[in-house]
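User: I would like a close look at a single part of this model, namely one helix-to-helix packing and what surrounds it. Please take me through it in one connected account.

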Amino acid sequence: MTDELLVVRAQLGERAALAELLAQWRVPVWTYVRRMLDADRADDVTQEIWLAVVRGLPRLREPDRFAPWLFTIARRSVTDRLRGEYAREQETLAGDDVATEDPVEAMVDRAALMNVLSELPVLEREILVLFYLEDLTVEECAYICRIPAGTVKSRLSRARRLLREHLKEKGYRP
């Protein structure tokens, strides 16, 4: 069943359609959030996202645009979380240990890639995750990030370059 049909049925009050829609998108949303935040924060933010989706679904006017709408909510939730944490850090001016590096030398390529990905600036990481890992189009990324398609393309280019540089620093060959 298509997302559009599930959205319409859920908007008409069919709980099974809503459950199916949420089950279908649960993993992609959590994966996106997890790639932007650590596991603990990802769980919290993912719950906030689903709460916002359930509350906002009756007002979604374009059911065929469910995926971009969903990832817009996810992006906003991640951004709000990061913004709030940044503001608290600025207030306290305490030197918290922000990131913990995994000292394991023999990690699998995927783990290494995820580690390098987490080191990229948020905007570039976000575009890589949306475009390559969530398989969204440039236009969908533009809609989600509220930027022009040309900006998505330039961020993708910069993100690929940064990723390549980070992988080289870690000893990987492109």
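**The crossing of α6 and α8**

Analyst: In this predicted model, the axes of helix α6 (residues 122-133) and helix α8 (residues 149-169) come within 9 Å of each other and cross at roughly 100°. An angle from 65 to 115 degrees counts as roughly perpendicular, and α6 and α8 are therefore roughly perpendicular to each other. From α6, the residues that take part in the contact are L123, E124, I127, L128, F131 and Y132, and from α8 they are V152, R155, L156, R158, A159, R160, L162 and L163. Divided by kind, the residues of this contact comprise ten nonpolar and four charged ones, with no polar residue among them.

The spacing of the names on the α6 side can be read against a general property of helices. An α-helix has 3.6 residues a turn, so residues three or four places apart point the same way. Within α6, the buried residues are E124, R125, E126, I127, L128, V129 and L130. E124, I127 and L128 are named both among these buried residues and among the residues that meet α8.

Following the chain out of α6, one comes to D135, which has its place in the loop between α6 and α7 (138-145). Its phi is near 55°, a positive value in a residue other than glycine. As background, most residues other than glycine have a negative phi. D135 counts as exposed, with a relative accessibility of 63%. A second residue of this kind lies in the loop between α7 and α8, where R146 is found. R146, again not a glycine, has a positive phi of about 55°, and at 64% relative accessibility R146 counts as exposed.

Further along α8, two residues deserve separate attention, H166 and E169. H166 is buried, with a relative accessible area of 16%, a value that falls under the 20% cut-off for that class. Once its neighbours within four places in sequence are left aside, H166 is in contact with V116, E119 and L120. E169, by contrast, counts as exposed at 66% relative accessibility, a value over the 50% that marks this class. V116 comes up again with E169, since the two are 53 residues apart in sequence and 9.9 Å apart in space, C-alpha to C-alpha.

To place this part in its setting, the protein chain as a whole has eight helices and zero strands, and from the N terminus on its elements run α-α-α-α-α-α-α-α. Buried residues make up 37% of the 174 residues. Among contacts between residues at least 6 apart in sequence, 62% join residues at least 24 apart. The accessible surface of the chain comes to about 10800 Å², and 52% of that surface belongs to carbon and sulfur atoms.

Another part of the chain gives a second view of how helices meet, here through aromatic rings. The structure holds five aromatic pairs. One of them joins W25 and F66, which stand edge-to-face at 6.2 Å centre to centre, with 65° between the planes. W25 lies in helix α2 (residues 15-36) and F66 in helix α4 (residues 66-92), so this pair ties together parts that are 41 residues apart in sequence. Both W25 and F66 are buried. Y32 and F71 form an aromatic pair as well, also edge-to-face, with 5.6 Å centre to centre and 85° between the planes. This pair, too, links distant parts of the chain, for Y32 is in helix α2 and F71 in helix α4, 39 residues apart. Y32 is buried, with a relative accessible area of 0%, and F71 counts as buried at 1% relative accessibility. Ring pairs link W25, Y32, F66, W69 and F71 into a cluster.

Coming back to the part you asked about, the packing of α6 on α8 is a roughly perpendicular one, and its residues are divided into ten nonpolar and four charged. The loop residue D135 just after α6 has a positive phi and counts as exposed, whereas H166 in α8 is buried.

Notes
Residues numbered from 1 in each chain as written. Predicted model: local features only at pLDDT ≥ 70, side-chain atom pairs only at ≥ 80, totals over all residues. Heavy atoms only, no water. Helix = DSSP H or I, 4+ residues; strand = E, 2+ residues; numbered from the N terminus. Buried < 20%, exposed > 50% of the residue type's maximum accessible area, 1.4 Å probe, protein only. Contact = heavy atoms within 4.5 Å. Areas by Shrake-Rupley, 256 points an atom, 1.4 Å probe, with all protein chains shown as cover. Axes fitted to C-alpha atoms, helices over the stretch in contact; angles between N-to-C directions. Parallel < 35°, antiparallel > 145°, perpendicular 65-115°, else oblique. Nonpolar A, V, L, I, M, F, W, Y, C, P; charged D, E, K, R; others polar. Phe/Tyr/Trp six-rings, centres within 6.5 Å; stacked < 30°, edge-to-face > 60°.
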